Amino acid sequence: MLNKPVLAESLIVFIIVLLVHAVVWDRYSWCAVALSVQAFYVQFKWDRLLQLGGAVFQFRTAANSGLLPASMVIPLLGIVMKERCKSAGIVYFERFGIVVASTGMLVALFLSVIAVGVTKPVPTNTCILTGVAGSIIIYTMKHSLTVSEVIEVLEVLLIFVYLSMILLYLLPRCFTPGEALLVLGGISFVLNQLIKRSLNVIEGRGDPIDFFLLVAVVGVVLLGLFFTVLFIFMDSGTWISSMFFHMMTAVLGLGVIMPWLYRLIQKNPLFWLLQFLFQTQTRIYLLVYWTFLAASACGIVFYQNAKRSSESKKHQASTITRKYFHFIVVATYVPGLIYDRQLLYVAAVLCLAVFIFLEYIRYFRIKPFGQTLRYLLSLFLDERDSGPLILTHIYLLLGMSLPVWLFPRSCAPKGTLSGAGALVPYSGVLAVGVGDTIASVFGSTMGEIKWPGTKKTFEGTMTAIFAQIIAVALILIFDSSVNLNSSYAWILASVSLVSLLEAYTTQIDNLLLPLYLHIMFMA
């Protein structure tokens with residue numbers, strides 16, 4: 001019997017795909033439609049594999065595979081980027097968008113082929129659909145990509161295969177297949193871009209903050225892989241191991257990551273970063289304000305843990321308590337988006353690196369803070385943190401930051417896009433900070449009418465849509481760079497569809513929702 005929430009989720013994704021391609025229809029639209037149809041069928045094969053325990057790796061069990069919504073994110077991002085940069089006349093980034101779309105389609109197709117290959121008996125109809133979709137995609141790539149671009153796509157696919165085998169083995173139950181596709185696909189693309197740019201360094205070409213993002217992401221991932229392998233042979237909880245951890249972190253940071261960044265930006269990374277952070281009075285005010293908010297977030301963690309100690313019956317934080325952090329993140333990002341987006345870009349990269357480094361300390365039980373972090377953060381666990389890593393707070397940061405990082409600055413005249421595209425950097429704030437938060441708070445306290453097959457409520461979804469419309473009006477008032485050019489109907493449709501997706505998806509909504517709202521606004 002077909003799962004009604006999965007069917008509803010798939011229908012919403014199909015509508016988004018069709019709406020995007022109604023605006024930007026070209027040869028890649030046929031590929032995207034074919035990919036979405038085959039991903040819909042293969043998704044049920046993945047779900048069956050997860051239920052029967054037939055998957056090669058251990059995936060998160062409290063959710064469906066999520067293959068269809070995840071499969072469409074990277075291709076749609078590439079397609080809308082291509083169109084925006086084409087209209088701006090920036091050929092380099094137009095070709096880059098084509099590479100992103102092609103890479104996303106090929107990686108998603110690879111994950112589908114794996115599911116079909118390990119399903120017994122072999123699903124004939126799904127094999128035919130996968131073959132047809134693959135033929136359309138490969139034929140289009142053959143007539144669209146240059147030889148160097150084909151090689152780049154294959155490089156990303158190869159990195160994805162190796163990363164998947166390593167990380168899914170080391171981190172059981174941390175991802176669904178769809179989440180693995182998004183996270184590992186993104187890391188694979190970032191790693192390939194860093195290698196490509198490192199081999200073709202041209203002084204003065206490229207924005208240092210882009211290089212900073214690439215090096216930071218690859219650096220923390222390589223750091224984690226190194227210590228994971230190392231602590232197979234050592235007990236990570238001892239003082240000797242902890243001292244070795246801190247020493248090797250300093251060695252790798254100063255001996256590998258810093259020289260790598262220096263090669264790319266042709267400046268001392270520490271001096272460049274300090275000069276960048278304290279360049280203007282506005283930046284200093286923002287940094288002081290963000291420090292106060294960070295201290296407030298830490299205060300909430302300590303206060304809730306103190307309450308847990310005094311109220312022994314309460315073992316987990318409530319939904320409303322966890323949403324306090326959403327409000328703090330909104331208060332963090334909105335001033336940055338209005339006053340200094342470049343500072344927000346760099347600060348978000350630094351924050352991501354710190355979050356992942358602290359998770360390493362917690363996971364490996366590194367002294368003196370590893371055990372304390374385990375105790376403090378255990379209060380905020382939910383059903384999505386079923387693996388050895390706690391990732392929900394990192395997903396929240398990613399959901400808010402990805403629209404800022406992915407914003408095509410080179411293709412945006414005067415630093416902003418026209419119409420609904422002006423709201424692209426605010427996608428995370430609207431989808432996660434406002435929509436998801438309001439839906440959870442009002443749905444859990446006042447909601448009575450549940451969407452079929454889910455725990456989410458009609459009242460929560462409607463309130464989320466209304467709150468996001470109010471937030472858009474406030475953005476128009478306070479951010480003078482935003483000019484919607486009468487694209488209100490498209491904005492309402494985008495917000496409504498993403499809010500409905502939040503009601504039905506079992507994937508990590510902090511990651512998925514901002515990306516879909518980003519795609520809709522870019523289109």
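**Two domains and their salt bridges**

The domain assignment of this protein gives two parts, domain 1 covering residues 1–200 and domain 2 covering residues 407–522, and I should say at the outset that what we are looking at is a predicted model. The C-alpha centres of domain 1 and domain 2 lie 23 Å apart, and the contact between them takes 33 residues from domain 1 and 26 residues from domain 2.

Let me stay with that interface for a moment. The area buried between domain 1 and domain 2 is about 2500 Å², and carbon and sulfur atoms give 76% of that area. On the side of domain 1, the residues that lose the most area to domain 2 are I12, I16 and R84, which together make up 26% of what that side buries.

What kinds of polar pairing does the rule find across this interface? There are zero salt bridges between domain 1 and domain 2, whereas seven residue pairs are found in polar contact, with both residues of each pair at pLDDT 80 or more. The elements of domain 1 that give two or more residues to the side touching domain 2 are helices α1 (4–23), α3 (67–88) and α7 (177–199), and the largest share, 11 residues, comes from α3. If we sort the residues on that side of domain 1 by type, we get 24 nonpolar, five polar and four charged.

Now to the salt bridges, of which a search of the whole structure finds nine. In one of them K82 pairs with E83, the closest N and O atoms being 2.6 Å apart, and this pair belongs to a network of salt bridges that links D26, K82 and E83. K82 counts as buried, because its relative accessible area is 5% and the cut-off for buried is under 20%.

A second salt bridge joins the side chains of E152 and K196, at 3.2 Å from N to O. Here the pair links distant parts of the chain, since E152 sits in helix α6 (residues 147–170) and K196 in helix α7, with their positions 44 residues apart in the sequence. Are these two residues buried or partly exposed? E152 is buried, at 6% relative accessibility, while K196 is partly exposed, at 32%.

The third example is the salt bridge between the side chains of R362 and E359, at 2.7 Å from N to O. Because R362 and E359 are three residues apart in helix α13, they are separated by about one helical turn. R362 is buried with a relative accessible area of 6%, and E359 is buried as well, at 3%.

Helix α13, which spans residues 341–364, also holds A347, and A347 counts as buried at 18% relative accessibility. A347 and L287 are 60 residues apart in sequence, and their C-alpha atoms are 8.9 Å apart in space.

Let me finish with two single residues. S198 has its place in helix α7 and counts as buried at 9% relative accessibility; leaving aside residues up to four places away in sequence, S198 touches W260, R263 and L264. L474, in helix α17 (residues 458–478), is partly exposed, at 41% relative accessibility. How far apart in space are the C-alpha atoms of L474 and D509? They are separated by 24 Å, with the two residues lying 35 residues apart along the chain.

Terms used: Residues numbered from 1 in each chain as written. Predicted model: local features only at pLDDT ≥ 70, side-chain atom pairs only at ≥ 80, totals over all residues. Heavy atoms only, no water. Domains from an automatic or database assignment. Contact = heavy atoms within 4.5 Å. Buried area = accessible area lost by both parts, 1.4 Å probe. Salt bridge = Lys/Arg side-chain N within 4 Å of Asp/Glu carboxyl O. Polar contact = N/O pair within 3.5 Å; in protein donor to acceptor, adjacent residues only side chain to side chain. Helix = DSSP H or I, 4+ residues; strand = E, 2+ residues; numbered from the N terminus. Nonpolar A, V, L, I, M, F, W, Y, C, P; charged D, E, K, R; others polar. Buried < 20%, exposed > 50% of the residue type's maximum accessible area, 1.4 Å probe, protein only.
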